[in-house]
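Me: Got a minute to walk me through this one? I'm new to it.
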Amino acid sequence: MKRIAVLTSGGDAPGMNAAIRAVVRVGLDRGMEVMGIRNGYKGLLEGDCYSMGARDVGGIIQMAGTILGSARCREFETEEGQLKGLEQLRQKGIEGLVVIGGNGSQTGACALSRRGFPVVGVASTIDNDLYGSDITIGVNTALDVALEAIDRLKVTASSHHRAFLVEVMGRKCGYLALTAGIAGGAEVIVLPEKEMDPEAVAAELRAAYDKGKKHAIVVVAEGANYDAEKISEHFRANRARLGFEVRATKLGHTQRGGNPTAFDRLLGTRLGAAAAYHLKGGEHGVLVGLIKGEIATTPLEEVAGKKKPVDLRMLELAQVLAK
Ligand code: F6P
């Protein structure tokens, strides 16, 4: 294989740059030319790519985001889009592709692989919902951003004897909310996998108050039916009966912009490097991820369209610890 390409797709995740850097430098070291495709599958369809040298990826390992840019591309979900993408790859003389991204991105990678094109996926999404990797690039940093916010909110919550809701990202997966809730010492955690209505949240907060707690933190996953907005609206509307209100903070995209932690820089580097080695070695049609602490591959066919479940035993633990 003489020329490969790399793209980042879907929501950016801190540590993606470390992965790009590793793909480029390992690729060059293995005697391959590495093309960077801008803006994910959208850029692929437009043929928007350039040849990357070692200096092009200098000074980026500590930066969040992706120097290649990213996009969500509906066109690539269609057969027509995928054939157009393959034609672009053929025209540019690209013989292998590294796709750094989460669920949607790896479904796209699988589609290319089914059509016979050599692809290796790199597990990257802050949501940690991707099958084939115990933890994905960006999760650790996003979690730290959430914890910093929770720690700060706890201080002011304590001063004012208030309850705060913190909404964290994660799409339909509660992993970030669950782990942020445990590590942040939350009183209540609301997940899409274990829904709670506002009355149940109120009952938990009342119990925390009765136990003499000076503050209460409720971590809510954005994908829960009752998100932070709906829960606080319910508290506002029933202020007289419930006896207290809650303040809500939505962390949103701030979670994607934190400088990658040491863990995410190392994970990005290890997975990116493994992807380049696998392409060169002729092993493709796989996702590289971290399984039981080791870099491991899983067929893209097994990854595409699947969602990794959260371990609800951790929620039971959180409930015990919130006593
Ligand atoms: O998949 C990563 C993620 O940040 C999710 O947690 C979130 O629901 C979504 O992307 C937001 O997407 P966008 O950046 O397109 O608004």
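Me: Is C73 buried or exposed?
Reply: Buried. This is a predicted model, and in it C73 has 16% relative accessibility. The cut-off for buried is under 20%, so C73 counts as buried.

Me: And C173, buried or exposed?
Reply: C173 is buried too, with a relative accessible area of 1%.

Me: How many disulfides are there?
Reply: Zero disulfides in this structure.

Me: Why no bond for C73?
Reply: Its sulfur is too far from the closest cysteine sulfur. That one belongs to C49, and the gap is 15 Å. A disulfide needs the two sulfur atoms within 2.5 Å.

Me: New topic, the ligand. Where does it sit?
Reply: In the largest pocket.

Me: Which residues are around the ligand?
Reply: Going along the chain: R72, I126, D127, M169, G170, R171, E222, H253 and R256.

Me: What's the mix by class in that shell?
Reply: Five charged residues, two polar and two nonpolar.

Me: Which polar side-chain atoms lie by the ligand's oxygen atoms, and at what distance?
Reply: Take E222: one of its polar side-chain atoms is 2.4 Å from a ligand oxygen. For D127, an N or O atom of the side chain is 2.6 Å from an oxygen of the ligand. H253 has a polar side-chain atom 2.9 Å from a ligand oxygen.

Me: How much of the ligand's area does the protein bury?
Reply: 75% of it. The ligand taken alone exposes 400 Å².

Me: Back to the pocket contacts. What is the distance for H253 again?
Reply: 2.9 Å, from a polar side-chain atom of H253 to an oxygen atom of the ligand.

Methods. Residues are numbered from 1 along each chain as its sequence is written. This is a predicted model: local features need pLDDT of at least 70, side-chain atom pairs count only at pLDDT 80 or more; totals for chains, interfaces and linings use all residues. Side-chain values use heavy atoms; hydrogens and water are left out. Buried means under 20% relative accessible area, exposed over 50%, partly exposed in between (1.4 Å probe, protein chains only). A residue is near a molecule or strand if one of its heavy atoms lies within 4 Å of it. A polar contact is a pair of N or O atoms within 3.5 Å; within protein, one must be able to donate a hydrogen and the other to accept it, and residues adjacent in sequence count only if both atoms are side-chain atoms. Accessible areas come from the Shrake-Rupley method with a 1.4 Å probe; for residues, only the protein chains shown count as cover. On a 1 Å grid over the protein atoms alone, a cavity is a set of points where a 1.4 Å probe fits but cannot get out, and a pocket is an open set with protein on both sides within 12 Å along at least five of seven lines; lining residues have an atom within 4 Å of a point. A molecule sits in a cavity or pocket if more than half of its atoms lie within 2 Å of its grid points. Ala, Val, Leu, Ile, Met, Phe, Trp, Tyr, Cys and Pro count as nonpolar, Asp, Glu, Lys and Arg as charged, and the others, Gly among them, as polar.
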